[in-house]
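Work through the exercises below with the sequence and the structure at hand. Each task is followed by a solution in steps.

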Amino acid sequence: MITAATPDALSALLATRDWLLADGATGTTLFNMGLGSGDAPELWNVDHPGRIRTLYAGPVAAGSDIFLTNSFGGTAARLKLHDAQRRVAEVNRAAAEIARDVADTAGRRVVVAGSMGPTGEIMAPMGTLTPALATEMFHQQADALRDGGVDVLWVETISAPEEYAAAAEAARLAGMPWCGTMSFDTAGRTMMGTTTADMVKLVARLAHPPLAFGANCGVGASDLLRTVLGFAAQGPERPVIAKGNAGIPKFVDGHIHYDGTPALMAAYAVLARDAGARIIGGCCGTTPEHLRAMRAALEDTPPGPRPTLEGITAALGGFSSLADGTGPATAPPRDRRRRRT
Amino acid sequence: MAEDEIILSELPDDELVLQMHDDLYDGLRPEIEEAVTLLLDRGWSPYRVLTEALVSGMTIVGNDFRDGILFVPEVLLAANAMKGGMAILKPLLVETGAPRMGKMVIGTVKGDIHDIGKNLVAMMMEGAGFEVVDLGINNAVEKYLDALARERPDILGMSALLTTTMPYMKVVIDTMKAEGIRDDYIVLVGGAPLNEDFGRAIGADAYCRDAAVAVETARAFVARKHNQIAPSP
């Protein structure tokens with residue numbers, strides 16, 4: 001449990017350092033180890049623990065201060081696709097136990113973060129998922145990750161604010177500190193239309209707020225940095241997380257390959273720090289090689305001024321959309337004939 | 001803003017159709033259902049109601065989604081309103097032998113639960129006059145092949161939203177090649193992480209970045225296919 005006397009491992013590490021390096025890709029790494037497309041990565045926690053240990057050892061050896069467990073799709077809603085909805089406790093606990101052991105034998109302080117991805121369901125009233133049901137599924141997963149020994153829960157790739165709030169409530173029920181990132185992949189906003197400013201407000205009004213918040217995945221490194229600038233413009237109180245993809249996916253020789261080089265991700269890491277992020281990592285396509293380059297760049301490059309949008313595109317390439325969705329609409333609102341009451 | 005109450009039945013045809021475009025945009029299902037019935041009662045053919053009122057209206061929604069003005073919640077509401085209108089029109093379209101654009105089998109690949117994009121494409125394709133067979137989520141290659149054999153569609157549509165499931169679309173296409181049936185179908189793929197290069201690399205005919213593009217692409221490919229198989233003079 002969290003008490004004032006013993007701060008959690010992530011807060012303790014944040015208190016001693018200006019920035020922390022998180023980890024990179026899970027899915028793309030597991031493919032390269034032989035995971036079949038469409039198969040559940042989480043079942044490997046039980047079926048192939050040795051491979052999961054290798055997965056975790058990659059970022060730890062590359063210098064990551066934080067790494068995520070292999071439990072992104074570990075809610076009942078997601079495991080149901082593989083008829084494993086009754087194995088939530090088993091696969092999440094296994095994900096955490098292997099990670100705990102890797103961290104404890106790392107020879108330095110490494111934080112284990114229990115990954116919790118979206119349920120994939122649509123929240124009511126558009127869809128069928130109620131806040132109560134979402135909280136229940138996340139809570140079940142959170143308890144298992146806690147019991148397996150994670151230091152902090154790590155909610156990621158969320159697009160609906162209601163689902164983010166449900167995960168916060170689950171973390172509270174599990175008595176765990178947490179971090180939470182959303183995916184800003186649709187014209188600068190999340191798929192559900194949430195802007196960076198919306199997210200800062202959402203985080204501020206949660207009863208059990210995250211230790212840190214931010215963005216992951218989305219559409220490439222440039223977009224992710226524009227998102228971080230959007231957070232920074234709000235002057236948030238909490239540390240900001242930047243976990244962007246290593247470029248965009250290409251299909252090369254039968255494999256998914258993200259086209260961002262280690263040099264590009266190194267430049268991204270430094271720009272992310274200068275933009276205001278304190279926890280910096282990668283997402284899809286980010287290998288230990290990328291992480292090593294990112295760590296070296298963060299250590300060797302003195303902090304610089306906050307980058308401009310032009311500076312970001314010059315270093316990393318263009319954005320996927322004209323605006324980040326926080327400003328006035330890019331087109332005038334639709335002119336209605338008459339408004340209904 | 002409270003203004004004069006709009007009485008749909010008092011609007012002339014042209015204004016009613018414009019009002020339906022607004023109501024689709026705002027996701028007002030009962031209003032759409034009422035207006036569809038009104039137009040039918042006024043002697044409009046089901047096909048004309050479909051194209052001039054519903055499809056045109058959804059095209060506006062699709063364009064604003066593409067341009068980052070609307071997001072998924074608004075589009076889901078609009079699609080739901082359209083569904084209400086379609087439920088009335090569908091049996092009538094069959095009865096009256098309205099022109100058929102073509103047939104599509106669509107589904108999200110194995111391991112992927114996400115079906116928002118796929119559902120939007122299915123709705124827009126139906127709205128454009130295509131017959132759509134929706135296989136739902138989590139489809140293994142056998143499910144796709146069975147459906148192709150059973151339904152004999154013009155188009156196969158596949159959707160994936162995760163890095164871990166994107167390559168499965170290639171598994172399906174490779175299997176179709178191995179069975180010698182790849183070229184019997186137009187294969188369209190979509191999903192947030194994909195792009196045109198990716199679509200080409202896995203052997204699809206086209207990548208469609210959103211539902212509106214999917215409809216345009218499907219129309220173009222079907223027209224080309226029909227031209228190819230037209231008997232030579």
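A residue counts as exposed if 12 or fewer other C-beta atoms lie within 10 Å of its own, and as buried if 20 or more do. The model used here is predicted.

**Exercise 1. Positive phi outside glycine**

Decide whether R152(B) and C217(A), each with a positive phi, are buried or exposed.

Solution. Begin with the background: most residues other than glycine have a negative phi.

Step 1. R152(B) has a phi near 50 degrees, a positive value in a residue other than glycine. R152(B) sits in the loop between α6 (141-151) and β3 (155-159) of chain B. Inside 10 Å there are 11 C-beta neighbours, so R152(B) counts as exposed.

Step 2. For C217(A), phi is near 60 degrees, again positive in a residue other than glycine. C217(A) belongs to strand β6 of chain A. There are 24 other C-beta atoms within 10 Å, so C217(A) is buried.

**Exercise 2. The sheet of chain A and its edges**

State the order of the strands in the open sheet of chain A, and explain why one side of β1 and of β2 is left without a neighbour.

Solution. Step 1. The sheet is open and has eight strands, in the order β1-β10-β7-β6-β5-β4-β3-β2 of chain A, with parallel pairing.

Step 2. β1 (20-21) and β2 (66-68) of chain A are at the edges; each has a single partner strand, so one side of each lacks a neighbour in the sheet.

Step 3. For β1(A), two bridges make a parallel pairing with strand β10 (residues 277-282) of chain A. In this pairing I280(A) of β10(A) is opposite L21(A).

Step 4. Helix α10 (residues 220-233) of chain A packs on the sheet and touches β6 (212-217), β7 (240-244) and β10 of chain A. The direction of the helix makes about 170 degrees with that of β7(A).

**Exercise 3. Two residues at the start of the sheet**

Find which residues L21(A) and D23(A) contact, leaving aside neighbours within four places in sequence.

Solution. Step 1. L21(A) is in strand β1 of chain A. L21(A) has 24 C-beta neighbours inside 10 Å and therefore counts as buried.

Step 2. With those neighbours left aside, L21(A) contacts G63(A), S64(A), D65(A), I280(A), G281(A), L291(A), M294(A), R295(A) and L298(A). G120(A), 99 residues apart from L21(A) along the chain, has its C-alpha atom 28 Å from that of L21(A).

Step 3. D23(A) is in the loop between β1 and α2 (27-32) of chain A. D23(A) is buried, with 27 other C-beta atoms within 10 Å.

Step 4. The contacts of D23(A), on the same terms, are P59(A), S64(A), I66(A), F67(A), L68(A), G281(A) and L291(A). The C-alpha atoms of D23(A) and T287(A) are 8.6 Å apart, although 264 residues separate the two along the chain.

**Exercise 4. From β3 to β5 in chain A**

Trace the chain from β3(A) through α7(A) to β4(A) and give the handedness of the unit.

Solution. Step 1. The loop between β3 and α7 of chain A contains P125(A). The peptide bond joining A124(A) and P125(A) is cis, with omega about 5 degrees.

Step 2. Helix α7 (residues 131-148) of chain A has 18 residues, and at 1.5 Å a residue it should span 26 Å; the end C-alpha atoms are 26 Å apart, in agreement.

Step 3. Buried residues of α7(A) include M137(A), F138(A), L145(A) and R146(A). Their cover includes α5 (76-79), α6 (88-104), β3 (111-116), β4 (152-158) and α8 (161-174) of chain A. Just after the helix, G149(A) has a positive phi of about 105 degrees.

Step 4. β3(A) and β4(A) pair in the parallel sense over four bridges, and A113(A) has V152(A) as its bridge partner in β4(A). The β-α-β unit of β3(A), α7(A) and β4(A) is right-handed.

Step 5. β4(A) and strand β5 (residues 178-182) of chain A run parallel and are joined by four bridges. In β5(A), M182(A) is opposite I158(A). The crossover from β4(A) through α8(A) to β5(A) is also right-handed.

Step 6. Seven of the seven residues of β4(A) are buried, so the strand is largely enclosed by the rest of the structure.

**Exercise 5. The contact between the chains**

Determine how many residues each chain brings to the contact.

Solution. Step 1. Chain A brings 37 residues and chain B brings 38 residues.

Step 2. On the side of chain B that touches chain A, α1 (13-25), α4 (72-95), α7 (168-178) and α8 (196-201) of chain B each supply at least two residues.

Step 3. The residues of that side of chain B are 23 nonpolar, nine polar and six charged.

Methods:
Residues are numbered from 1 along each chain as its sequence is written. Chains are lettered from A and ligands numbered from 1 in the order in which they are written. This is a predicted model: local features need pLDDT of at least 70, side-chain atom pairs count only at pLDDT 80 or more; totals for chains, interfaces and linings use all residues. Two strands pair if DSSP finds at least two bridges between them. Two residues are in contact if their C-beta atoms, placed from the backbone, lie within 7 Å. Axes are lines fitted to C-alpha atoms, for helices over the stretch in contact, and angles run from 0 to 180 degrees between N-to-C directions. Ala, Val, Leu, Ile, Met, Phe, Trp, Tyr, Cys and Pro count as nonpolar, Asp, Glu, Lys and Arg as charged, and the others, Gly among them, as polar. The expected span of a helix is 1.5 Å times one less than its number of residues. A crossover is right-handed if, with the strands pointing away from the viewer, the path from the first strand over the helix to the second runs clockwise.
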